[in-house]
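Got the viewer open? Let's take a walk through this one, stop by stop, with something to select at each.

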Amino acid sequence: MMPVLDLFGLKIFSYPLLMGVAWGLGIQIAKSLNSRFGVKFKYLNIYLMGVFLSSWLGAKLLYLLSADNVKIGHLASEESFWLGGGFVFYGGLLAGLGFTLYFGIKTSQTVKFFNIFIPGLCFGHALGRVGCLLAGCCYGIPHQSLISIHLHEVQRFPVQLLEAFFLVIFGIYSMREKSIRHKNLAFMYLSFYAFCRFVFEFARGDSIRGVWFDLISTSQIISLIISVVVLMTWRLSQSRPTSSLDKLY
């Protein structure tokens with residue numbers, strides 16, 4: 001655990017540092033793919049700013065909703081909370097998806113246009129999970145094996161690194177031109193991550209994420225909802241006639 005990095009006497013908090021690197025990496029990958037494959041995404045910089053702000057706010061709000069009642073009021077009134085650590089990825093993802101849907105409708109861009117952001121999302125999220133490891137949050141259950149890591153006084157399962165590994169795998173897959181041009185890449189990503197997150201949550205050892213009935217976490221409930229919505233949306237898209245916008249690629 002290395003929440004603070006000492007670089008030539010300058011103290012830098014590892015989690016915010018990797019968060020910044022993750023956003024920068026994601027933006028550069030999206031812009032590169034947009035140019036490389038000639039996607040011609042409309043108003044790219046405006047979208048990036050909007051999705052950043054909506055995701056930041058969504059991640060913070062879900063963190064507050066997942067916290068206990070005693071902490072909510074205290075955290076919400078602290079400037080350091082809104083500008084520092086304390087995020088729930090699913091809150092950012094859902095808020096970002098909401099803004100993306102609105103933006104796509106307003107600019108008449110189909111789902112495929114947004115595929116260029118998926119690789120950066122995966123790689124950036126993987127970096128964020130490494131930041132979680134360094135900060136000592138989102139940690140795993142007590143576990144003794146060759147892959148265990150020492151965190152919070154005990155040996156634990158490295159669930160942060162496991163999630164990062166699978167995100168990198170999907171990120172590599174989604175970088176291919178065939179994937180970028182696939183009309184269902186977004187559905188594939190959401191299904192993939194929802195499944196992985198549901199399984200990985202059983203290896204989580206922190207309680208701050210919210211556990212219901214001593215059985216299922218907030219993120220697992222969201223994973224199930226996402227899976228159902230994705231399945232229903234995919235079935236509807238398969239049953240409707242193909243439009244001219246669907247033929248852009």
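Start with the cartoon view of the whole protein chain: 10 helices and 6 strands are there to find. Keep in mind as you go that this is a predicted model. Colour by burial if your viewer can do that; of the 249 residues in the chain, 45% are buried. Now for how the chain folds back on itself: take the contacts between residues at least 6 apart in sequence, and 67% of them join residues at least 24 apart.

**Stop one: the hairpin**

Select residues 4–7, strand E1, together with residues 10–13, strand E2. The two run antiparallel, and 4 bridges join them. Find leucine 7 and look across to E2, where leucine 10 stands opposite. The hairpin has 2 residues between its strands, and phenylalanine 8 has a positive phi near 55°.

**Stop two: rings between helices**

Next, show the aromatic side chains. The whole count comes to 24 aromatic pairs. For one of them, pick tryptophan 23 and phenylalanine 52, an edge-to-face pair with ring centres 4.7 Å apart and planes at 80°. Tryptophan 23 belongs to helix H1 (residues 14–36) and phenylalanine 52 to helix H2, so this pair ties together parts 29 residues apart in sequence. Are these rings buried or partly exposed? Tryptophan 23 has 27% relative accessibility, so it counts as partly exposed. Phenylalanine 52, also at 27%, counts as partly exposed too.

While the rings are on screen, select Phe89, Tyr90, Phe170, Tyr173, Tyr189, Phe192 and Tyr193: together they form one aromatic cluster. Then add lysine 60 and phenylalanine 87. The charged end of lysine 60 sits over the ring of phenylalanine 87, 4.0 Å from the ring's centre.

**Stop three: glutamine 160 and its surroundings**

Jump to helix H7, residues 159–174, and click on glutamine 160. Its relative accessibility is 1%, so glutamine 160 counts as buried. What is glutamine 160 in contact with, leaving aside neighbours within four places in sequence? Select Arg129, Cys132, Leu133, Cys137, Cys138, Tyr139, Ile149 and Leu151 and you have the full set. For a spot farther along the chain, draw a line from the C-alpha atom of glutamine 160 to that of arginine 204: the two residues are 44 apart in sequence, with 8.9 Å between those atoms.

**Stop four: salt bridges**

Side chains of opposite charge can pair when their charged atoms come close. A search of the whole structure turns up 5 salt bridges. Stay in H7 for one of them: glutamate 163 meets arginine 129, with 3.1 Å from N to O. Glutamate 163 is in helix H7 and arginine 129 in helix H6 (residues 118–135), so the bridge ties together parts 34 residues apart in sequence. Both partners are buried.

Now compare arginine 181 and glutamate 177, whose side chains meet in a salt bridge at 3.0 Å, N to O. Arginine 181 has 30% relative accessibility and so counts as partly exposed. Glutamate 177, at 40%, counts as partly exposed as well.

Go on to arginine 204 and aspartate 206. Their salt bridge brings the closest N and O atoms to 2.8 Å. Aspartate 206 counts as buried because its relative accessibility is 4%, and arginine 204 counts as buried at 8%. Add Arg197 and Glu201 to the selection, and you can see one network of salt bridges with shared partners, made up of Arg197, Glu201, Arg204 and Asp206.

**Last stop: helix H10**

Finish with residues 218–239, helix H10. How far apart should the ends of its 22 residues be? At 1.5 Å a residue the helix should span 32 Å, and its end C-alpha atoms are 32 Å apart, which agrees. Now highlight the buried residues of H10: Thr218, Ser219, Gln220, Ile222, Ser223, Ile226 and Val230. To see what these buried residues pack against, turn on helix H2 (44–66), helix H5 (89–107) and helix H9 (185–200), along with strand E5 (211–212) and strand E6 (216–217).

Definitions and conventions:
Residues numbered from 1 in each chain as written. Predicted model: local features only at pLDDT ≥ 70, side-chain atom pairs only at ≥ 80, totals over all residues. Heavy atoms only, no water. Buried < 20%, exposed > 50% of the residue type's maximum accessible area, 1.4 Å probe, protein only. Contact = heavy atoms within 4.5 Å. Salt bridge = Lys/Arg side-chain N within 4 Å of Asp/Glu carboxyl O. Expected span 1.5 Å × (residues − 1). Pairing = 2+ DSSP bridges. Phe/Tyr/Trp six-rings, centres within 6.5 Å; stacked < 30°, edge-to-face > 60°. Lys NZ or Arg CZ within 6 Å of the ring centre and 35° of its normal.
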